[in-house]
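Colleague: Please pick one small part of this model and take me through it slowly. I'm new to this, so spell out the terms as you go.

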Amino acid sequence: GKSLAVTASLFATTMTAAGDVYALGDLGTVLRKPMGGTWAKEPVSTSLSTAEFRAVSETSTDEITAVGLGGVIALRTAGAWNPDVLPRDSADRVNYYGVAKTSEAVFIAGDSNRVLRRDTDKWRRESTGNLTGPSSNLFALVASGQDLIVAGAAGLIERRTAQTKTWSSEDSGTTVMLGALSNATPLRAVGAQGTMVVQK
């Protein structure tokens, strides 16, 4: 295939319901391969030109949400990438490593035990604080059915059940960093030192 002359590191990929594939990474890099087409670099707004993207997901028809370091939240709507304009508390401008959607809302997860929910008027912090210390960094977020699962530092796995809208810890059986989750059944998490855990 032809070279895109992309030198930036890529960290996130997703496939939309329509079959388009996206790959995102540093220096505001967004690559798109339409169904049956070829890879091309997508332009981003100037304010995203230095963005360091770490996660991306289709969050509704014709809407893709990407998050990354330094609190970046970007939306692709009507074919254009722009920063998300919804307000959030300044304390919530941390590094984000996960984005997932349930029928209830779009959620993002990141450093300092932050999970934010996109409400109509602002990004609101989910109250996960009683489970782990504020230093817990969350590196993965997936929707499993209508539940949400996060994984992160020190073997942390937490689940938010759709019925109660509350978070509870799950025993991962490990204390190493977990960096990625698969939402297949049974749930799997992988992380440092070759660790893979499977839900019992």
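Modeller: Let's start with a term: a residue is buried under 20% relative accessible area, exposed over 50% and partly exposed in between (1.4 Å probe, protein chains only). Valine 198 has a relative accessible area of 34%, so it counts as partly exposed. Before we go on, this is a predicted model, where local features need pLDDT of at least 70 and side-chain atom pairs pLDDT 80 or more, while totals for chains, interfaces and linings use all residues. Residues are numbered from 1 along each chain, and side-chain values use heavy atoms, leaving out hydrogens and water.

Now, where does valine 198 sit? Find strand E19, residues 196-198 (strands are DSSP runs of at least two residues, numbered from the N terminus), and you'll see valine 198 in it. On the surface, Val198 joins Val190 and Met196 in a nonpolar patch. Together, the three offer about 240 Å² of accessible area (Shrake-Rupley method, 1.4 Å probe). To join such a patch, a Val, Leu, Ile, Met, Phe, Trp or Tyr needs over 30% relative accessible area, no salt bridge (Lys or Arg side-chain nitrogen within 4 Å of an Asp or Glu carboxyl oxygen) and a nonpolar partner within 5 Å.

Val198 also turns up at the second largest pocket, where Val198, Asp171, Ser172, Gln199 and Lys200 lie nearest the centre. A pocket is an open set of points on a 1 Å grid where a 1.4 Å probe fits, with protein on both sides within 12 Å along at least five of seven lines; lining residues have an atom within 4 Å of a point. This pocket has 13 lining residues and a volume of about 200 Å³, the space filled by probe spheres set on the points. Strand E18 (188-191) and E19 each give at least two residues to the lining. By class, the lining has six nonpolar, three polar and four charged residues (Asp, Glu, Lys and Arg are charged; Ala, Val, Leu, Ile, Met, Phe, Trp, Tyr, Cys and Pro nonpolar; the others polar).

For contrast, look at the largest pocket, at about 400 Å³. Its lining runs to 22 residues, with Val56, Val99, Leu141, Val142 and Leu181 nearest the centre. By class, 14 are nonpolar, seven polar and one charged. E13 gives the largest share of that lining, five residues. Other strands supplying at least two residues include E1 (10-15) and E5 (53-60).

Methods: Patch = residues over 30% accessible without salt bridge, like charges linked within 9 Å, V, L, I, M, F, W, Y side chains within 5 Å. Helix = DSSP H or I, 4+ residues; strand = E, 2+ residues; numbered from the N terminus.
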